[in-house]
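Q: Please take a close look at one part of this model and describe its surroundings in connected prose. I would like the cut-offs stated as you go.

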Amino acid sequence: MLRHLISAADLTRDDAVLILDTAEEMARVADRPIKKLPTLRGRTVVNLFFEDSTRTRISFEAAEKRLSADVINFTAKGSSVSKGESLKDTAQTLEAMGVDAVVIRHGASGAPYRLANSGWIDAAVINAGDGTHQHPTQALLDAFTMRRRLVGRDTGLGQDLDGRRITIVGDILHSRVARSNVDLLHTLGAEVTLVAPPTLVPVGVGNWPCEVSYDLDAVLPKSDAVMMLRVQRERMNAAFFPTEREYSRRYGLDGDRMARMPEHAVVMHPGPMVRGMEITAEVADSERCTVVEQVANGVSIRMAVLYLLLGGNEPAVTHTRTEEKSER
């Protein structure tokens, strides 16, 4: 494993499959009466969030605590950042406290890379989302969910997503989730198609390892998984489509469109969902929708990433059993 997790593009196929397989072992911990492992006891992890977050921040915190790490939560609001403190000064403050890992979300693309390679801090850096650039743990949990649904929990061990056809629909231009998923799914052998209005397709997308379509109805019948993305109005400074109604009519997923998908196909969403815009309540609440499952899988994936970066490269379950025996 690498020392940091900054981008999904940094992962090889073997790296990605190792994380997915380790997450499968971590998921079994959730079925135990006591959902704790002593793996990161004595390690300190800081959640450094400069942007608002619900799922990602809580998911990382749950993963850290289940691995017995000491957790420090930092939010920009109410901190010295609001007084003008720079990222460098914040990093050096954390370094002085002796932290072992930093989970960072930042509004500026490239901030986690800068933190990892600047020499300001001697800790593992995990990117929890930077601007419109990358969100690698989201791509990993999406791939984990796809593998479980499309390949199987036990039969999926050691397997990738070779030949699976994945469609990502919505605001590709402002989406770090789309970029991360294209990188990771390509590495895992999947065929990715992006579907969006022309105004929400990034410049240079022709160099990405994926196909681009503007017709959702044409792509749905041959998709194994369809991932719907929220329109990120907070990042928009212009009108990218005429009305919400027109966007929903052309690029929203409703019951009729879901019926055109293959029977085994699943509907995904990284959250938060805007019901009635990119996805209807009927689809969001259906058995084919994996939104809640993705949240649960996110904890397992983040446990696996933290374990592999900080804990070691032995199988997690074997490792914890050895520790439990020594403690007795």
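A: A polar contact here is a pair of N or O atoms within 3.5 Å, where, within protein, one atom must be able to donate a hydrogen and the other to accept it, and residues adjacent in sequence count only if both atoms are side-chain atoms. The model is predicted, so local features need pLDDT of at least 70 and side-chain atom pairs count only at pLDDT 80 or more, while totals for chains, interfaces and linings use all residues. Residues are numbered from 1 along each chain as its sequence is written, and side-chain values use heavy atoms, leaving out hydrogens and water.

The part chosen is Asp 160, which sits in the loop that links helix H5 (136-150) to strand E5 (165-169); helices (H or I, at least four residues) and strands (E, at least two) are DSSP runs numbered from the N terminus. Asp 160 has a relative accessible area of 18% and is therefore buried (under 20%, with exposed over 50% and partly exposed in between, for a 1.4 Å probe and protein chains only). Its side chain makes a polar contact of 2.9 Å with the side chain of Arg 13, and a polar atom of that same Asp 160 side chain lies 3.1 Å from the backbone nitrogen of Asp 162. Taking contact as heavy atoms within 4.5 Å, and setting aside neighbours within four places in sequence, Asp 160 touches Arg 13, Val 17, Val 151 and Leu 188.

Arg 13 and Val 17 lead to helix H1 (residues 13-29), whose axis comes within 10 Å of that of H5, the two crossing at roughly 70°; axes are lines fitted to C-alpha atoms, for helices over the stretch in contact, and angles run from 0 to 180 degrees between N-to-C directions. H1 and H5 are therefore roughly perpendicular, a label for angles of 65 to 115 degrees, whereas under 35 counts as roughly parallel, over 145 as roughly antiparallel and the rest as oblique. On the H1 side, the residues that make this contact are Val 17, Ile 19, Leu 20, Asp 21, Ala 23, Glu 24 and Ala 27, and they meet Leu 140, Phe 144, Arg 147 and Arg 148 of H5. Val 17 thus takes part in the helix contact and also touches Asp 160.
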